[in-house]
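Could you walk me through this structure? I'm new to it and would like a plain tour.

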Amino acid sequence: MATYPSYPNAFPSAQPGAGAPGPGTLRHPRWWQRRAVHAWALASLLALSGLVILALVREQTGTKGFLVGLCLAVLPVPLLISAFRWLDRVAPAPWRNLMFSFAWGACAAALIAIVANSFATHWIATNSADPSHADTLGATVIAPVVEESAKACAVLLIFLFRRRDFTGIVDGVVIAGVTATGFAFTENILYLGNAFGTDQLSGGTGIASVTAATFFVRIVMSPFAHPLFTVLTGIGFGLAAWTAPGRGPVRRVLLPLAGLLLAMGMHATWNGSAVFGHYGFFAVYALFMMPVFALLTWLAIWTRQRELRTIRSELPAYVAAGWLGPAEPFALGSMRARRLAREFAQHHGGKETAKAVAEYEEYATTLAFLRHRGRRGRAGVLYVARERELLDELWARRHAARPALAYAAHAVAPVWVPPVYAGPVYAGPVYAGPVAPFPAHNTPHAPHPHHAPGAHNPYRY
(Lines give C-alpha, C1' and ligand atoms only; values in the text may rest on other atoms or scores of the structure.)
Protein backbone atom coordinates (compact mmCIF):
# COMPACT_ATOMS: atom_id res chain seq x y z
CA MET A 1 0.00 0.00 0.00
CA ALA A 2 1.20 3.52 -0.75
CA THR A 3 2.86 5.30 2.12
CA TYR A 4 3.04 9.01 2.63
CA PRO A 5 5.31 11.06 4.87
CA SER A 6 3.89 11.64 8.29
CA TYR A 7 3.05 15.24 9.02
CA PRO A 8 3.19 16.58 12.59
CA ASN A 9 -0.17 17.17 14.16
CA ALA A 10 1.18 19.48 16.82
CA PHE A 11 3.69 22.26 17.10
CA PRO A 12 6.67 21.19 19.19
CA SER A 13 7.43 23.02 22.38
CA ALA A 14 10.19 22.61 24.88
CA GLN A 15 8.01 22.68 27.93
CA PRO A 16 4.24 22.58 28.05
CA GLY A 17 2.62 25.27 30.08
CA ALA A 18 3.52 28.91 30.57
CA GLY A 19 1.52 29.77 27.49
CA ALA A 20 3.10 27.09 25.32
CA PRO A 21 0.87 24.37 23.86
CA GLY A 22 1.43 20.87 25.09
CA PRO A 23 1.87 17.73 22.96
CA GLY A 24 -1.03 17.09 20.62
CA THR A 25 -2.25 20.69 20.92
CA LEU A 26 -2.68 22.82 17.82
CA ARG A 27 -1.75 26.47 18.04
CA HIS A 28 -4.41 28.40 16.20
CA PRO A 29 -3.36 31.69 14.62
CA ARG A 30 -4.59 34.82 16.30
CA TRP A 31 -7.24 36.82 14.51
CA TRP A 32 -4.78 39.32 13.04
CA GLN A 33 -2.71 36.45 11.63
CA ARG A 34 -5.51 34.88 9.64
CA ARG A 35 -5.34 35.07 5.85
CA ALA A 36 -8.97 36.13 5.62
CA VAL A 37 -8.24 39.12 7.83
CA HIS A 38 -5.26 40.07 5.67
CA ALA A 39 -7.38 39.80 2.53
CA TRP A 40 -10.16 41.95 3.96
CA ALA A 41 -7.69 44.54 5.21
CA LEU A 42 -6.02 44.76 1.81
CA ALA A 43 -9.36 44.96 0.01
CA SER A 44 -10.50 47.71 2.37
CA LEU A 45 -7.28 49.65 1.79
CA LEU A 46 -7.70 49.42 -1.98
CA ALA A 47 -11.37 50.40 -1.77
CA LEU A 48 -10.53 53.42 0.39
CA SER A 49 -7.77 54.42 -2.02
CA GLY A 50 -10.22 54.09 -4.89
CA LEU A 51 -12.75 56.38 -3.23
CA VAL A 52 -10.10 58.99 -2.46
CA ILE A 53 -8.64 58.90 -5.98
CA LEU A 54 -12.15 59.12 -7.42
CA ALA A 55 -12.85 62.24 -5.39
CA LEU A 56 -9.51 63.84 -6.32
CA VAL A 57 -9.89 63.18 -10.05
CA ARG A 58 -13.50 64.38 -10.08
CA GLU A 59 -12.46 67.54 -8.23
CA GLN A 60 -9.82 68.32 -10.84
CA THR A 61 -11.84 67.43 -13.94
CA GLY A 62 -15.43 68.13 -12.94
CA THR A 63 -18.26 65.66 -13.31
CA LYS A 64 -18.55 65.95 -17.12
CA GLY A 65 -14.81 65.80 -17.59
CA PHE A 66 -14.59 62.75 -15.34
CA LEU A 67 -17.28 60.89 -17.28
CA VAL A 68 -15.72 61.75 -20.64
CA GLY A 69 -12.27 60.75 -19.41
CA LEU A 70 -13.62 57.50 -17.96
CA CYS A 71 -15.34 56.51 -21.23
CA LEU A 72 -12.22 57.22 -23.30
CA ALA A 73 -9.64 55.83 -20.86
CA VAL A 74 -11.35 52.44 -20.61
CA LEU A 75 -10.94 51.73 -24.33
CA PRO A 76 -7.36 50.30 -24.30
CA VAL A 77 -7.81 48.37 -21.03
CA PRO A 78 -9.45 45.21 -22.48
CA LEU A 79 -6.85 45.08 -25.26
CA LEU A 80 -3.92 45.31 -22.86
CA ILE A 81 -5.38 42.84 -20.37
CA SER A 82 -6.10 40.39 -23.20
CA ALA A 83 -2.53 40.73 -24.49
CA PHE A 84 -1.04 39.94 -21.09
CA ARG A 85 -3.51 37.11 -20.55
CA TRP A 86 -2.56 35.64 -23.95
CA LEU A 87 1.10 35.81 -22.98
CA ASP A 88 0.30 33.96 -19.75
CA ARG A 89 -1.74 31.15 -21.33
CA VAL A 90 0.86 28.43 -20.71
CA ALA A 91 0.57 28.75 -16.91
CA PRO A 92 -2.18 31.32 -16.26
CA ALA A 93 -1.86 33.42 -13.14
CA PRO A 94 -4.86 33.28 -10.80
CA TRP A 95 -7.42 35.96 -11.53
CA ARG A 96 -7.18 37.20 -7.94
CA ASN A 97 -3.54 38.18 -8.57
CA LEU A 98 -4.47 40.08 -11.72
CA MET A 99 -7.41 41.79 -10.03
CA PHE A 100 -5.19 42.84 -7.14
CA SER A 101 -2.52 44.14 -9.53
CA PHE A 102 -4.99 46.20 -11.57
CA ALA A 103 -6.68 47.57 -8.44
CA TRP A 104 -3.34 48.46 -6.89
CA GLY A 105 -2.23 50.32 -10.01
CA ALA A 106 -5.57 52.13 -10.51
CA CYS A 107 -6.14 53.03 -6.85
CA ALA A 108 -3.19 52.80 -4.47
CA ALA A 109 -0.35 53.59 -6.89
CA ALA A 110 -2.31 56.38 -8.58
CA LEU A 111 -3.15 57.95 -5.20
CA ILE A 112 0.48 57.81 -4.08
CA ALA A 113 1.59 59.35 -7.37
CA ILE A 114 -0.90 62.21 -7.31
CA VAL A 115 -0.17 63.17 -3.70
CA ALA A 116 3.61 62.76 -3.92
CA ASN A 117 3.99 64.46 -7.30
CA SER A 118 1.84 67.43 -6.27
CA PHE A 119 3.72 67.86 -3.00
CA ALA A 120 7.15 67.57 -4.66
CA THR A 121 6.27 69.97 -7.49
CA HIS A 122 4.89 72.52 -5.01
CA TRP A 123 8.00 72.20 -2.85
CA ILE A 124 10.30 72.73 -5.84
CA ALA A 125 8.30 75.74 -7.01
CA THR A 126 8.44 77.42 -3.59
CA ASN A 127 12.08 76.62 -2.81
CA SER A 128 13.68 77.02 -6.23
CA ALA A 129 15.24 80.11 -7.71
CA ASP A 130 13.41 79.40 -10.98
CA PRO A 131 9.85 78.24 -10.17
CA SER A 132 8.98 78.03 -13.88
CA HIS A 133 11.03 74.83 -14.16
CA ALA A 134 9.20 73.07 -11.33
CA ASP A 135 6.76 71.27 -13.63
CA THR A 136 9.52 70.12 -15.98
CA LEU A 137 11.67 68.87 -13.10
CA GLY A 138 8.69 67.17 -11.53
CA ALA A 139 7.76 65.37 -14.76
CA THR A 140 11.28 64.22 -15.66
CA VAL A 141 12.72 63.43 -12.21
CA ILE A 142 10.08 63.19 -9.51
CA ALA A 143 7.25 61.48 -11.40
CA PRO A 144 9.31 58.54 -12.77
CA VAL A 145 10.75 57.75 -9.33
CA VAL A 146 7.45 58.03 -7.47
CA GLU A 147 5.23 56.30 -10.03
CA GLU A 148 7.52 53.38 -10.81
CA SER A 149 8.18 52.78 -7.11
CA ALA A 150 4.43 52.80 -6.37
CA LYS A 151 3.70 50.35 -9.17
CA ALA A 152 6.62 48.11 -8.18
CA CYS A 153 5.03 47.60 -4.75
CA ALA A 154 2.31 45.41 -6.32
CA VAL A 155 4.93 43.20 -7.98
CA LEU A 156 6.87 43.00 -4.71
CA LEU A 157 3.80 42.00 -2.69
CA ILE A 158 2.89 39.16 -5.05
CA PHE A 159 6.55 38.10 -5.24
CA LEU A 160 6.69 37.84 -1.44
CA PHE A 161 3.24 36.54 -0.52
CA ARG A 162 2.17 34.61 -3.65
CA ARG A 163 5.54 33.04 -4.31
CA ARG A 164 4.04 29.83 -5.68
CA ASP A 165 2.40 31.85 -8.48
CA PHE A 166 5.59 33.80 -9.30
CA THR A 167 8.12 31.51 -10.97
CA GLY A 168 9.76 33.40 -13.81
CA ILE A 169 9.94 36.23 -16.31
CA VAL A 170 6.48 35.76 -17.79
CA ASP A 171 4.86 36.03 -14.35
CA GLY A 172 6.81 39.22 -13.66
CA VAL A 173 5.88 40.71 -17.04
CA VAL A 174 2.18 39.92 -16.61
CA ILE A 175 1.86 41.19 -13.03
CA ALA A 176 3.84 44.36 -13.79
CA GLY A 177 1.97 44.99 -17.04
CA VAL A 178 -1.47 44.60 -15.48
CA THR A 179 -0.48 46.88 -12.58
CA ALA A 180 0.72 49.55 -15.01
CA THR A 181 -2.45 49.15 -17.08
CA GLY A 182 -4.52 50.03 -14.00
CA PHE A 183 -2.28 53.01 -13.26
CA ALA A 184 -2.49 54.29 -16.84
CA PHE A 185 -6.28 53.90 -16.73
CA THR A 186 -6.61 56.32 -13.81
CA GLU A 187 -4.00 58.70 -15.20
CA ASN A 188 -5.74 58.78 -18.58
CA ILE A 189 -9.04 59.69 -16.90
CA LEU A 190 -7.28 62.68 -15.32
CA TYR A 191 -5.55 63.86 -18.50
CA LEU A 192 -8.55 63.36 -20.78
CA GLY A 193 -10.91 64.94 -18.27
CA ASN A 194 -8.68 68.01 -17.96
CA ALA A 195 -8.41 68.22 -21.74
CA PHE A 196 -12.19 68.13 -22.04
CA GLY A 197 -12.45 70.93 -19.45
CA THR A 198 -9.98 73.00 -21.46
CA ASP A 199 -12.07 72.51 -24.59
CA GLN A 200 -15.19 73.54 -22.69
CA LEU A 201 -13.54 76.83 -21.76
CA SER A 202 -11.92 77.52 -25.14
CA GLY A 203 -14.71 76.15 -27.33
CA GLY A 204 -12.45 73.63 -29.07
CA THR A 205 -14.23 70.85 -30.95
CA GLY A 206 -13.47 68.08 -33.43
CA ILE A 207 -10.03 66.95 -34.46
CA ALA A 208 -8.46 70.27 -33.49
CA SER A 209 -9.59 69.97 -29.87
CA VAL A 210 -7.26 69.32 -26.97
CA THR A 211 -9.29 66.21 -26.09
CA ALA A 212 -8.71 64.71 -29.54
CA ALA A 213 -4.98 65.45 -29.39
CA THR A 214 -4.67 63.95 -25.90
CA PHE A 215 -6.66 60.88 -26.96
CA PHE A 216 -4.41 60.37 -29.99
CA VAL A 217 -1.16 60.65 -28.03
CA ARG A 218 -2.14 58.67 -24.93
CA ILE A 219 -4.68 56.12 -26.21
CA VAL A 220 -3.76 55.58 -29.86
CA MET A 221 0.00 56.10 -29.99
CA SER A 222 1.18 55.02 -26.56
CA PRO A 223 -1.30 52.87 -24.64
CA PHE A 224 1.62 50.55 -23.85
CA ALA A 225 3.87 53.27 -22.36
CA HIS A 226 3.26 52.67 -18.66
CA PRO A 227 3.14 48.86 -19.05
CA LEU A 228 6.40 49.04 -20.99
CA PHE A 229 8.16 50.92 -18.17
CA THR A 230 6.93 48.69 -15.36
CA VAL A 231 7.57 45.47 -17.30
CA LEU A 232 11.29 46.16 -16.79
CA THR A 233 10.70 45.94 -13.05
CA GLY A 234 8.71 42.75 -13.58
CA ILE A 235 11.58 41.21 -15.55
CA GLY A 236 13.94 42.00 -12.65
CA PHE A 237 11.65 40.18 -10.23
CA GLY A 238 11.25 37.33 -12.73
CA LEU A 239 15.01 36.86 -12.93
CA ALA A 240 15.18 36.94 -9.14
CA ALA A 241 12.54 34.19 -9.04
CA TRP A 242 14.88 31.98 -11.08
CA THR A 243 17.58 32.30 -8.43
CA ALA A 244 17.81 29.29 -6.15
CA PRO A 245 16.59 29.79 -2.56
CA GLY A 246 19.56 30.39 -0.28
CA ARG A 247 21.87 31.11 -3.19
CA GLY A 248 22.82 34.55 -4.35
CA PRO A 249 20.71 36.61 -1.90
CA VAL A 250 22.45 39.76 -3.10
CA ARG A 251 21.49 38.95 -6.67
CA ARG A 252 17.88 38.37 -5.63
CA VAL A 253 17.83 41.94 -4.30
CA LEU A 254 19.89 43.62 -6.99
CA LEU A 255 17.99 42.23 -9.98
CA PRO A 256 14.63 43.81 -9.02
CA LEU A 257 16.40 47.06 -8.13
CA ALA A 258 18.15 47.08 -11.50
CA GLY A 259 14.82 46.53 -13.26
CA LEU A 260 13.24 49.33 -11.23
CA LEU A 261 16.08 51.73 -12.09
CA LEU A 262 15.74 50.88 -15.78
CA ALA A 263 12.00 51.52 -15.57
CA MET A 264 12.62 54.89 -13.95
CA GLY A 265 15.20 55.82 -16.57
CA MET A 266 12.94 54.88 -19.46
CA HIS A 267 10.02 56.72 -17.88
CA ALA A 268 12.18 59.82 -17.42
CA THR A 269 13.33 59.67 -21.04
CA TRP A 270 9.74 59.43 -22.24
CA ASN A 271 8.55 62.32 -20.09
CA GLY A 272 11.59 64.41 -20.99
CA SER A 273 10.87 64.06 -24.71
CA ALA A 274 8.13 66.69 -24.35
CA VAL A 275 10.82 69.26 -23.47
CA PHE A 276 12.25 68.95 -26.99
CA GLY A 277 8.95 69.82 -28.65
CA HIS A 278 6.91 67.77 -31.10
CA TYR A 279 9.91 66.58 -33.11
CA GLY A 280 11.72 65.46 -29.98
CA PHE A 281 8.66 63.51 -28.89
CA PHE A 282 8.36 61.68 -32.21
CA ALA A 283 12.12 61.07 -32.32
CA VAL A 284 12.10 59.43 -28.89
CA TYR A 285 8.97 57.49 -29.84
CA ALA A 286 10.44 56.14 -33.10
CA LEU A 287 14.07 55.64 -32.11
CA PHE A 288 13.69 54.56 -28.50
CA MET A 289 10.22 53.50 -27.44
CA MET A 290 9.32 51.34 -30.43
CA PRO A 291 12.62 49.38 -30.53
CA VAL A 292 12.42 48.71 -26.78
CA PHE A 293 8.78 47.68 -27.13
CA ALA A 294 9.69 45.28 -29.96
CA LEU A 295 12.61 43.86 -27.97
CA LEU A 296 10.53 43.23 -24.85
CA THR A 297 7.73 41.73 -26.92
CA TRP A 298 10.20 39.33 -28.51
CA LEU A 299 11.64 38.46 -25.07
CA ALA A 300 8.19 37.73 -23.66
CA ILE A 301 7.19 35.52 -26.60
CA TRP A 302 10.54 33.72 -26.56
CA THR A 303 10.11 33.06 -22.85
CA ARG A 304 6.66 31.61 -23.48
CA GLN A 305 8.05 29.27 -26.12
CA ARG A 306 10.77 28.31 -23.69
CA GLU A 307 8.08 27.35 -21.19
CA LEU A 308 6.47 25.06 -23.76
CA ARG A 309 9.85 23.44 -24.46
CA THR A 310 10.31 22.94 -20.73
CA ILE A 311 7.00 21.08 -20.56
CA ARG A 312 7.97 18.80 -23.43
CA SER A 313 11.37 18.05 -21.91
CA GLU A 314 10.40 17.56 -18.24
CA LEU A 315 7.16 15.56 -18.43
CA PRO A 316 8.55 12.44 -20.21
CA ALA A 317 10.10 11.39 -16.89
CA TYR A 318 6.58 11.01 -15.51
CA VAL A 319 5.58 8.98 -18.57
CA ALA A 320 8.40 6.56 -17.78
CA ALA A 321 7.10 6.27 -14.21
CA GLY A 322 3.55 5.62 -15.40
CA TRP A 323 1.94 8.83 -14.21
CA LEU A 324 1.24 10.29 -17.67
CA GLY A 325 0.27 8.83 -21.02
CA PRO A 326 2.86 8.63 -23.84
CA ALA A 327 1.27 11.41 -25.91
CA GLU A 328 0.81 13.88 -23.09
CA PRO A 329 4.19 15.68 -23.04
CA PHE A 330 3.78 16.50 -26.72
CA ALA A 331 0.15 17.60 -26.34
CA LEU A 332 0.77 19.65 -23.21
CA GLY A 333 3.70 21.38 -24.92
CA SER A 334 1.49 22.67 -27.74
CA MET A 335 -1.05 25.44 -27.20
CA ARG A 336 -3.07 24.22 -30.17
CA ALA A 337 -3.20 20.67 -28.82
CA ARG A 338 -4.26 21.91 -25.39
CA ARG A 339 -7.11 23.87 -26.94
CA LEU A 340 -8.19 20.87 -29.02
CA ALA A 341 -8.15 18.67 -25.91
CA ARG A 342 -10.51 21.05 -24.08
CA GLU A 343 -12.81 21.24 -27.10
CA PHE A 344 -12.85 17.44 -27.40
CA ALA A 345 -13.68 17.09 -23.72
CA GLN A 346 -16.47 19.66 -23.94
CA HIS A 347 -17.98 18.00 -27.00
CA HIS A 348 -17.96 14.48 -25.55
CA GLY A 349 -18.26 15.09 -21.81
CA GLY A 350 -19.70 18.53 -21.25
CA LYS A 351 -18.47 21.51 -19.28
CA GLU A 352 -17.39 19.55 -16.21
CA THR A 353 -15.15 17.29 -18.29
CA ALA A 354 -13.68 20.29 -20.11
CA LYS A 355 -13.01 21.93 -16.75
CA ALA A 356 -11.23 18.78 -15.55
CA VAL A 357 -9.05 18.76 -18.67
CA ALA A 358 -8.19 22.44 -18.23
CA GLU A 359 -7.22 21.79 -14.60
CA TYR A 360 -5.18 18.77 -15.69
CA GLU A 361 -3.26 20.96 -18.13
CA GLU A 362 -2.57 23.56 -15.45
CA TYR A 363 -1.40 21.00 -12.90
CA ALA A 364 0.82 19.27 -15.46
CA THR A 365 2.36 22.60 -16.45
CA THR A 366 3.05 23.46 -12.82
CA LEU A 367 4.57 20.01 -12.32
CA ALA A 368 6.91 20.47 -15.29
CA PHE A 369 8.07 23.86 -14.02
CA LEU A 370 8.52 22.47 -10.52
CA ARG A 371 10.71 19.63 -11.78
CA HIS A 372 12.67 22.06 -13.95
CA ARG A 373 13.40 24.26 -10.93
CA GLY A 374 14.14 21.23 -8.76
CA ARG A 375 16.76 19.85 -11.13
CA ARG A 376 18.53 23.19 -10.84
CA GLY A 377 18.22 23.40 -7.08
CA ARG A 378 15.60 26.15 -7.08
CA ALA A 379 12.52 24.26 -5.89
CA GLY A 380 13.04 24.64 -2.14
CA VAL A 381 12.58 22.18 0.70
CA LEU A 382 8.92 21.49 -0.06
CA TYR A 383 9.64 20.01 -3.47
CA VAL A 384 8.69 16.41 -2.63
CA ALA A 385 5.40 17.34 -0.96
CA ARG A 386 4.45 19.69 -3.78
CA GLU A 387 5.32 17.14 -6.45
CA ARG A 388 3.20 14.50 -4.74
CA GLU A 389 0.31 16.94 -4.39
CA LEU A 390 0.41 17.74 -8.12
CA LEU A 391 0.67 14.09 -9.11
CA ASP A 392 -2.36 13.24 -7.02
CA GLU A 393 -4.33 16.05 -8.67
CA LEU A 394 -3.36 14.74 -12.09
CA TRP A 395 -4.27 11.17 -11.23
CA ALA A 396 -7.70 12.22 -10.01
CA ARG A 397 -8.45 13.75 -13.44
CA ARG A 398 -6.76 11.20 -15.68
CA HIS A 399 -9.96 9.53 -16.96
CA ALA A 400 -11.20 12.83 -18.39
CA ALA A 401 -7.86 14.17 -19.62
CA ARG A 402 -6.04 11.23 -21.18
CA PRO A 403 -8.46 10.50 -24.03
CA ALA A 404 -8.73 14.21 -24.81
CA LEU A 405 -4.96 14.73 -24.85
CA ALA A 406 -4.41 11.59 -26.92
CA TYR A 407 -6.91 12.84 -29.48
CA ALA A 408 -5.29 16.30 -29.51
CA ALA A 409 -1.79 14.87 -29.98
CA HIS A 410 -3.00 12.75 -32.90
CA ALA A 411 -4.86 15.70 -34.45
CA VAL A 412 -1.87 18.04 -34.25
CA ALA A 413 0.70 15.45 -35.32
CA PRO A 414 -1.04 12.53 -37.11
CA VAL A 415 2.25 10.69 -37.59
CA TRP A 416 3.68 10.78 -34.11
CA VAL A 417 6.03 8.29 -32.51
CA PRO A 418 6.42 8.34 -28.72
CA PRO A 419 10.03 9.09 -27.75
CA VAL A 420 12.23 6.54 -26.06
CA TYR A 421 12.65 7.55 -22.45
CA ALA A 422 15.98 7.07 -20.78
CA GLY A 423 16.21 5.75 -17.26
CA PRO A 424 15.70 2.51 -15.38
CA VAL A 425 12.96 0.07 -16.22
CA TYR A 426 10.49 -0.27 -13.36
CA ALA A 427 9.86 -3.84 -12.34
CA GLY A 428 6.65 -2.71 -10.70
CA PRO A 429 4.99 0.38 -9.40
CA VAL A 430 6.66 1.19 -6.11
CA TYR A 431 5.83 4.20 -3.99
CA ALA A 432 7.87 3.75 -0.85
CA GLY A 433 7.30 6.94 1.05
CA PRO A 434 9.46 10.04 1.20
CA VAL A 435 12.61 9.99 -0.87
CA ALA A 436 15.10 12.58 -2.04
CA PRO A 437 13.70 15.07 -4.54
CA PHE A 438 15.94 13.76 -7.32
CA PRO A 439 17.32 10.25 -6.86
CA ALA A 440 20.37 9.08 -8.70
CA HIS A 441 18.38 7.75 -11.64
CA ASN A 442 16.61 11.13 -11.93
CA THR A 443 13.18 9.56 -12.41
CA PRO A 444 10.09 10.44 -10.34
CA HIS A 445 8.27 8.06 -8.08
CA ALA A 446 6.05 5.47 -9.69
CA PRO A 447 2.29 5.67 -9.11
CA HIS A 448 0.54 4.13 -6.14
CA PRO A 449 0.21 0.34 -6.28
CA HIS A 450 -3.52 0.60 -6.91
CA HIS A 451 -2.70 3.16 -9.59
CA ALA A 452 -0.67 0.62 -11.52
CA PRO A 453 -0.04 1.73 -15.13
CA GLY A 454 -1.39 -0.81 -17.54
CA ALA A 455 -4.22 -1.86 -15.24
CA HIS A 456 -6.51 -0.05 -17.64
CA ASN A 457 -6.11 1.57 -21.01
CA PRO A 458 -7.16 5.23 -20.78
CA TYR A 459 -6.98 5.60 -24.55
CA ARG A 460 -9.63 2.95 -25.23
CA TYR A 461 -12.92 4.73 -25.92
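What volume does the second largest cavity have? About 40 Å³. Keep in mind that this is a predicted model.

Let's look at the walls of that space. The second largest cavity is lined by Ala73, Pro76, Val77, Leu80, Thr181, Ala184, Phe185, Asn188 and Pro223. Helix H2 (76-87) and H5 each give at least two residues to this lining, and H5 has the largest share, with four. Sorted by class, the lining has seven nonpolar residues, two polar ones and no charged ones.

H5 is worth following further. The axis of helix H5 (residues 169-202) comes within 7 Å of the axis of helix H1 (residues 35-73), and the two cross at roughly 90°. An angle from 65 to 115 degrees counts as roughly perpendicular, so that's how H1 and H5 lie to each other. On the H1 side, the contact includes Ile53, Val57, Phe66 and Ala73; on the H5 side, Phe185, Asn188 and Phe196 are among the residues taking part. The residues of this contact split into 12 nonpolar, eight polar and one charged.

Now for the other cavities. The structure has three of 30 Å³ or more, and the largest of them holds about 150 Å³ of space. It has 13 lining residues, and Thr167, Trp242, Arg306, Glu307 and Phe369 are the closest to its centre. H5 turns up here too: along with helix H9 (277-314) and helix H13 (351-375), H5 gives two or more residues to the lining. The largest share, four residues, comes from H9. By class, the lining of the largest cavity has four nonpolar, five polar and four charged residues.

Terms used: Residues numbered from 1 in each chain as written. Predicted model: local features only at pLDDT ≥ 70, side-chain atom pairs only at ≥ 80, totals over all residues. Heavy atoms only, no water. Axes fitted to C-alpha atoms, helices over the stretch in contact; angles between N-to-C directions. Parallel < 35°, antiparallel > 145°, perpendicular 65-115°, else oblique. Contact = heavy atoms within 4.5 Å. Nonpolar A, V, L, I, M, F, W, Y, C, P; charged D, E, K, R; others polar. 1 Å grid on protein atoms, 1.4 Å probe; cavity = no way out; pocket = protein on both sides within 12 Å on 5 of 7 lines; lining within 4 Å. Points joined across faces, edges and corners; volume = space filled by probe spheres on them.
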